[in-house]
Amino acid sequence: MPLTLASTGKMMRIYKITGKDDVKRHLADLGFIEGVELSVVNELGGNLILNVKGTRIAVDKKMASRILVD
C-alpha cells in the first residue's frame with residue numbers, strides 16, 4: 001500500500017519505490033531504501049512526518065505516494 005494510507009505509529013517496511021530515477025535517487029538520499037523500516041509520526045495537511053533510521057523527515061503527499069510499504 002502507498003505510505004499515504006499507512007496508520008500513525010505503526011512500524012512498516014519499504015518494499016518498493018516508484019517513479020523516475022531522479023525521484024528514486026532523491027528518496028534514497030533521504031534514507032528511503034527498499035527494506036528500511038519506518039513509521040508515520042504525524043500527518044499535517046496531507047504531508048507526512050516520518051521516522052526513518054531514527055531521524056524525522058517531512059515529505060509531501062505526492063512524494064509519500066511513491067513509497068510503497070507492507
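In the predicted model, Glu37 has a relative accessibility of 39% and therefore counts as partly exposed, a class that lies between the limit of under 20% for buried residues and that of over 50% for exposed ones. The side chain of Glu37 is engaged in a salt bridge with Arg13, in which the closest N and O atoms are 2.9 Å apart. Because Glu37 belongs to strand S2 whereas Arg13 belongs to strand S1 (residues 11–17), this pair ties together parts of the chain that are 24 residues apart in sequence. Arg13, at 38% relative accessibility, likewise counts as partly exposed. A search of the whole structure returns 1 salt bridge.

The strands that carry these two residues are also joined through the backbone, since S1 and S2 run antiparallel and are connected by 3 bridges. Within this pairing, Met12 has Leu38 of S2 as its bridge partner. S1 is further paired with strand S5 (residues 67–69), again in the antiparallel sense and over 3 bridges. In that second pairing, Lys16 has Leu68 as its bridge partner in S5, while Ile17 stands opposite Ile67 of S5.

These pairings belong to an open sheet of 5 strands, arranged in the order S4-S3-S2-S1-S5 with antiparallel pairing. S4 and S5 form the edges of the sheet, each of them pairing on one side only. When direction is ignored, neighbouring strands of the sheet are turned by 45 degrees against each other on average. In terms of overall secondary structure, the chain comprises 2 helices and 5 strands, and these elements follow the pattern β-α-β-β-β-α-β when read along the sequence.

Strand S2 (residues 37–44) also contains Ser39, which, with a relative accessibility of 8%, falls under the 20% limit and so counts as buried. When residues up to four places away in sequence are not counted, Ser39 touches Gly9, Lys10, Met11, Met12, Ile49, Leu50 and Asn51. Among these contacts, Leu50 is also one of the residues with the most contacts inside the largest nonpolar core.

That core has 19 residues, and those with the most contacts inside it are Leu3, Ile14, Phe32, Leu50 and Ile67. At least two core residues are supplied by each of S1, helix H1 (21–30), S2, strand S3 (47–52), strand S4 (55–59) and S5. In soluble globular proteins, nonpolar side chains tend to be buried together. Ile67, when its neighbours within four places in sequence are left aside, is in contact with Met1, Pro2, Leu3, Ile14, Lys16, Ile17, Leu27 and Phe32.

The second helix, H2 (residues 61–64), includes Ala64, for which a relative accessibility of 0% is computed, so that this residue counts as buried. Apart from its neighbours within four places in sequence, Ala64 is in contact with Leu3, Thr4, Leu48 and Val59. The C-alpha atom of Ala64 is separated by 11 Å from that of Val40, a residue 24 places away along the chain.

A contrasting environment is found at Lys53, which is located in the loop between S3 and S4 and which is exposed because its relative accessible area, 58%, is over 50%. Lys53 has a positive phi of about 55 degrees although it is not a glycine. Most residues other than glycine have a negative phi.

At the level of the whole chain, the radius of gyration is 11 Å, which agrees with the value near 11 Å that a compact globule with 70 residues would have. The C-alpha trace spans about 30 × 25 × 20 Å along its principal axes. Of the 70 residues in the chain, 33% are buried. Among contacts with a separation of 6 or more, 54% are accounted for by residues 24 or more positions apart.

Notes:
Residues numbered from 1 in each chain as written. Predicted model: local features only at pLDDT ≥ 70, side-chain atom pairs only at ≥ 80, totals over all residues. Heavy atoms only, no water. Helix = DSSP H or I, 4+ residues; strand = E, 2+ residues; numbered from the N terminus. Buried < 20%, exposed > 50% of the residue type's maximum accessible area, 1.4 Å probe, protein only. Contact = heavy atoms within 4.5 Å. Salt bridge = Lys/Arg side-chain N within 4 Å of Asp/Glu carboxyl O. Pairing = 2+ DSSP bridges. Core = buried A, V, L, I, M, F, W, Y, C linked by side-chain atoms within 4.5 Å. Axes fitted to C-alpha atoms, helices over the stretch in contact; angles between N-to-C directions. Rg over C-alpha atoms; globule rule 2.2 N^0.38 Å.
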